[in-house]
Amino acid sequence: MQAWQVHELGEPGEVMRLAEVAPPAPADGQVLLKVRAANVNFPDALMCRGQYQVRPPLPFTPGVEICGETEDGRRVIANPALPCGGFAEYAVADAAALLPAPEALDDAEAAALHIGYQTGWFGLHRRAGLEAGETLLVHAAAGGVGSAAVQLGKAAGATVIGVVGGAAKASVARELGCDVVIDRREQDVVAAVKEATGGRGADVVYDPVGGPAYAQSAKAVAFEGRIVVVGFASGTVPSPALNHALVKNYAILGLHWGLYNTRNPELVRHCHEQLTDLAARGAIKPLVSERVPLAGAADAVQRVADGVTTGRVAVLPSPENGAAA
């Protein structure tokens with residue numbers, strides 16, 4: 001089969017190489033899956049650079065999120081078992097962790113429903129307790145993680161403010177349903193949030209960016225607000241001033257979604273049921289901005305790493321996949 005492999009660490013576009021390799025052999029408790037679609041995530045780029053908390057042995061195949069097909073023809077969502085990731089024609093995954101692909105979504109959309117939407121659901125509902133009528137501020141609102149949070153916030157009845165970089169991404173954020181869109185390149189984010197909320201600030205801030213975005217979050221969060229930290233796409237891990245959290249009465253909440261797979265897998269399944277229902281009702285629908293063939297995976301991962309994409313980019317090993325099932 002064909003698979004992308006990383007033999008040395010570095011930029012994805014430079015170190016990912018397409019090779020002909022033997023299909024992976026499932027270990028006990030694992031199943032072999034035909035990859036119908038693999039979604040590109042920022043952690044794929046971090047793994048190529050050796051900067052992710054999970055460091056698979058070299059050589060490895062990136063791709064942490066797929067819609068696959070079992071030997072008996074079932075469409076499933078899975079996190080491939082590294083080092084045999086999803087940017088390949090076949091992958092292996094733990095049988096106990098397979099989730100049914102929603103019928104309302106095609107293969108590319110189903111692949112994109114998992115990590116970003118689970119992270120959004122856990123962050124907004126489990127950690128921050130977002131309520132209808134509250135104001136949600138989402139950084140990188142046109143990106144893969146941010147776009148999921150925007151849709152989930154709207155589905156929960158919140159007023160959503162999206163922060164983006166550039167006019168093209170602002171247009172995408174509006175299409176996603178943001179009530180207010182702030183272009184950080186043209187506007188003062190904190191002032192714009194205060195203006196949109198009558199000086200109160202945002203009840204919940206969803207931050208997958210870190211760096212300067214976190215500093216803005218601390219200034220823009222409301223009294224008794226909650227900042228959910230889900231990642232550091234900026235490359236800078238902020239050092240919060242805890243005295244500021246004290247004098248302003250806000251909470252800083254961390255979220256590492258992957259821990260729930262081992263600490264509380266039943267909650268992951270419950271979340272998937274909620275997401276499947278929302279997808280069936282049309283309340284959420286993953287924004288798949290691009291569908292590329294397997295040969296385009298390295299370029300796709302690099303562009304996601306560079307922050308020039310919107311929504312999700314899906315890799316389709318088989319050209320016929322990606323259409324509604």
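These exercises work through a parallel sheet, its helices, some backbone outliers and the salt bridges of a predicted model.

In this predicted model, local features need pLDDT of at least 70 and side-chain atom pairs pLDDT 80 or more, while totals for chains, interfaces and linings use all residues. Residues are numbered from 1 along each chain as its sequence is written, and side-chain values use heavy atoms, with hydrogens and water left out.

**Exercise 1. The sheet**

Task: Give the strand order of the open sheet and find its edges.

Solution:
- Fix the terms. Helices (H or I, at least four residues) and strands (E, at least two) are DSSP runs, numbered from the N terminus. Two strands pair if DSSP finds at least two bridges between them.
- Read the order. It is E10-E9-E8-E11-E12-E13, with 6 strands and parallel pairing.
- Find the edges. E10 (180–183) and E13 (251–254) each have a single partner strand, so one side of each lacks a neighbour in the sheet.
- Add the twist. It averages 20° from one strand to the next. Axes are lines fitted to C-alpha atoms, for helices over the stretch in contact, and angles run from 0 to 180 degrees between N-to-C directions.

**Exercise 2. Around strand E8**

Task: Which strands pair with E8, and over how many bridges?

Solution:
- Take E9 (residues 159–164). E8 and E9 pair in the parallel sense over 5 bridges. His-139 stands opposite Val-163 in E9.
- Step on to E10. Val-163 stands opposite Ile-182 there, and E9 and E10 share 4 bridges.
- Take E11. It runs parallel to E8, joined by 3 bridges. Leu-136 has Val-204 of E11 as its bridge partner.
- Check burial. Buried means under 20% relative accessible area, exposed over 50%, partly exposed in between (1.4 Å probe, protein chains only). In E8, 5 of 5 residues are buried. Thr-135, Leu-137 and His-139 point one way, Leu-136 and Val-138 the other.

**Exercise 3. Helices across the sheet**

Task: Place H5, H6 and H8 against their neighbours.

Solution:
- Define contact as heavy atoms within 4.5 Å.
- Start with H5 (residues 144–155). It lies across E8, E9 and E11, at about 170° to E8.
- Assign the hand. E8, H5 and E9 make a right-handed β-α-β unit. That means the path from the first strand over the helix to the second runs clockwise, with the strands pointing away from the viewer.
- Move to H6 (residues 167–176). It lies across E9 and E10, at about 165° to E10.
- Finish with H8 (residues 212–220). Its buried residues include Ala-213, Tyr-214 and Ser-217. The buried residues of H8 pack against E8, H7, E11, E12, H9 and E13.

**Exercise 4. Backbone outliers**

Task: Locate the cis peptide bonds to Pro-59 and Pro-83 and the positive phi values of Ala-140 and Glu-224.

Solution:
- Recall the background. Most residues other than glycine have a negative phi, and most peptide bonds are trans.
- Check omega. The Leu-58 to Pro-59 bond is cis, with omega near -10°. Pro-59 sits in the loop between H2 and E4. Leu-82 and Pro-83 are also joined by a cis bond, with omega about 20°. Pro-83 sits in the loop between E5 and E6.
- Check phi. Ala-140 has phi near 55° and lies in the loop between E8 and H5. Glu-224 has phi near 60° and lies in strand E12.

**Exercise 5. Charges**

Task: Where do the partners of the Glu-69 and Lys-154 salt bridges lie, and what does Asp-44 lack?

Solution:
- Set the rule. A salt bridge is a side-chain nitrogen of Lys or Arg within 4 Å of a carboxyl oxygen of Asp or Glu. The count comes to 14.
- Take Glu-69 with Arg-36, at 2.7 Å, N to O. Glu-69 lies in E4 and Arg-36 in E3, so the pair ties together parts 33 residues apart in sequence.
- Take Lys-154 with Asp-179, at 3.0 Å. Lys-154 is in H5 and Asp-179 in the loop between H6 and E10, 25 residues apart.
- Turn to Asp-44, in helix H2 (residues 42–49). Asp-44 is buried and has no salt bridge. Lys and Arg count as positive and Asp and Glu as negative; His and the chain ends are not counted. The nearest side chain of opposite charge, Arg-312, is 7.4 Å away. Contacts of Asp-44 include Asn-39, Phe-87 and Val-301.

Note on methods: Lists of a residue's contacts leave out its neighbours within four places in sequence.
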